Protein chains: 2
Amino acid sequence: MLASIRKAVEELIAERGSDAITVPMVAERAGVNHSSIYRRWGDARTMINDLATYRLDPDRGLPDTGDLRADLAAWGQEMVSHYSVPVNAALLRGGAAAAGESESDCLRDRRAEAAGFAARPGSTFTGDDVIDHLVAPIIYRAIFLPWTLPDVDPRVYVDELCDRSDRSD
Amino acid sequence: MLASIRKAVEELIAERGSDAITVPMVAERAGVNHSSIYRRWGDARTMINDLATYRLDPDRGLPDTGDLRADLAAWGQEMVSHYSVPVNAALLRGGAAAAGESESDCLRDRRAEAAGFAARPGSTFTGDDVIDHLVAPIIYRAIFLPWTLPDVDPRVYVDELCDRSDRSD
DNA sequence: CTCCTAAGGCAAAGGTGTGTGCGTTAGTAG
DNA sequence: CTACTAACGCACACACCTTTGCCTTAGGAG
């Protein structure tokens, strides 16, 4: 039951994006009555956000081996792998559409984590530098060029982030 | 008439995003009958995309002074200025939501232009490098951190793009 | 075994967006 | 001045999503 609904939501998100989903659509594909879904979640957006445990867990712990470059690369690779799954990429696009003035966007956790890396000993960069040089290229590709994402090697970005002449004060 | 509709669409896009817009909404705010809108455009998405002369014109011509760095910086600054306007940023988010497998995304022109810069004499980078180091940070901020966009100085990105040790073969 | 509760299916009602036929008006050509 | 065309408003019909009341069923407690 719940499994069939989850499957239907995943399929529809991957097919049509997270915005073009309606409750009756999910209900029909899952083989359940739409009233069951309305009772359980109230509306489509709530349902999607609830079934979307796909988001990276903010409490998952970050790599910390003492090797800053390796840790950053592992962190980047985690993002690449995560958004290589079509459902997660579609969900990210939904988050992009909802982003705006407020900072309640789906990537706030990533920004905090970037700042955390920048605060480690041996860092020659700021949190914003991590965003610009490591997060942005990955997210950009995940949203607009998803088929190029598996080819990304975060280590290249990390090396460029660490080795760049630090003219930016 | 058309001006009032355009104004209504811009306001609503800035307020609620490009996805939560319906024809009756626009009609009421513009003080016109919804049937006029349906006749003119057919549906909301077509209307928005048509009124979106907001998109950077692909035929606008690119800066070409012979100074590659200056040209790239001017090109980047053009994007920054463009997406500093809330309506254009909201439209970009709408495009992000619609992006996916197909390459019919709203940034394809930008990708082609990036490749154009990479093909100029004196270039030490590829089109993808331009995307990763110049376009991605700007677009990322435009979508998720719009309030940081006016602080961006594309020249910093351009310098880092050109000066990086070209380990990426 | 009986009762109770939770969950789901069914069906009807209400609300909203969408689409279209018809009359009216404005602007223009003859 | 008249005739024609194009654009707009009005009103209605349609379709879809949303919500709710009622019934049936499944599972556990007494």
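This is a short group-meeting talk on a predicted model with two protein chains and a DNA strand.

Hi everyone, thanks for coming. Please keep in mind throughout that we are looking at a predicted model.

Let me start with how the two protein copies sit relative to each other. If you take chain B and rotate it by 180°, with 0.1 Å of shift along the axis, it superposes on chain A with an RMSD of 0.3 Å. The two copies are therefore related as by a two-fold rotation axis. The contact fits that picture: the same surface serves both copies, and 100% of the contact residues of chain B recur in chain A.

So what does that contact look like? Chain B gives 26 residues, and chain A gives 26 residues as well. On the chain B side, the elements that supply two or more residues are helix H6 (86–98), helix H8 (127–144) and helix H9 (154–163). Which of them gives the largest share? That would be H8(B), with seven residues. By class, the side of chain B that touches chain A has 12 nonpolar, five polar and nine charged residues.

Now let's move to the DNA. There are 17 residues around DNA strand D, and the ones that come nearest are Val23(A), Ser35(A), Asn33(B), Ser35(B) and Ser36(B). Both protein chains are on that list. In terms of elements, three helices each supply at least two residues of the surface near strand D: H2 (23–30) and H3 (34–41) of chain A, and H3 (34–41) of chain B. The largest share, four residues, comes from H3(A). If you are thinking about chemistry, this surface divides into seven nonpolar, seven polar and three charged residues.

Last stop: a helix pair inside chain B. The axes of helix H1, residues 2–16, and helix H2, residues 23–30, come within 8 Å and cross at roughly 120°. That angle makes H1(B) oblique to H2(B), and the crossing is right-handed. Who meets whom here? From H1(B) we have Ser4(B), Ile5(B), Ala8(B), Val9(B), Glu11(B) and Leu12(B). They meet Met25(B), Val26(B), Arg29(B) and Ala30(B) in H2(B). The residues of this helix contact divide into seven nonpolar, one polar and two charged.

To wrap up, I'd take home the two-fold relation between the copies, the four residues that H3(A) gives to the surface near strand D, and the right-handed crossing of H1(B) and H2(B). Thanks, and I'm happy to chat afterwards!

Note on methods. Residues numbered from 1 in each chain as written. Chains lettered and ligands numbered in written order. Predicted model: local features only at pLDDT ≥ 70, side-chain atom pairs only at ≥ 80, totals over all residues. Near = placed C-beta within 6 Å. Nonpolar A, V, L, I, M, F, W, Y, C, P; charged D, E, K, R; others polar. Least-squares fit on C-alpha atoms with pLDDT ≥ 70 in both. Contact = placed C-beta atoms within 7 Å. Axes fitted to C-alpha atoms, helices over the stretch in contact; angles between N-to-C directions. Parallel < 35°, antiparallel > 145°, perpendicular 65-115°, else oblique. Left-handed = near helix turned anticlockwise from the far one by under 90°.
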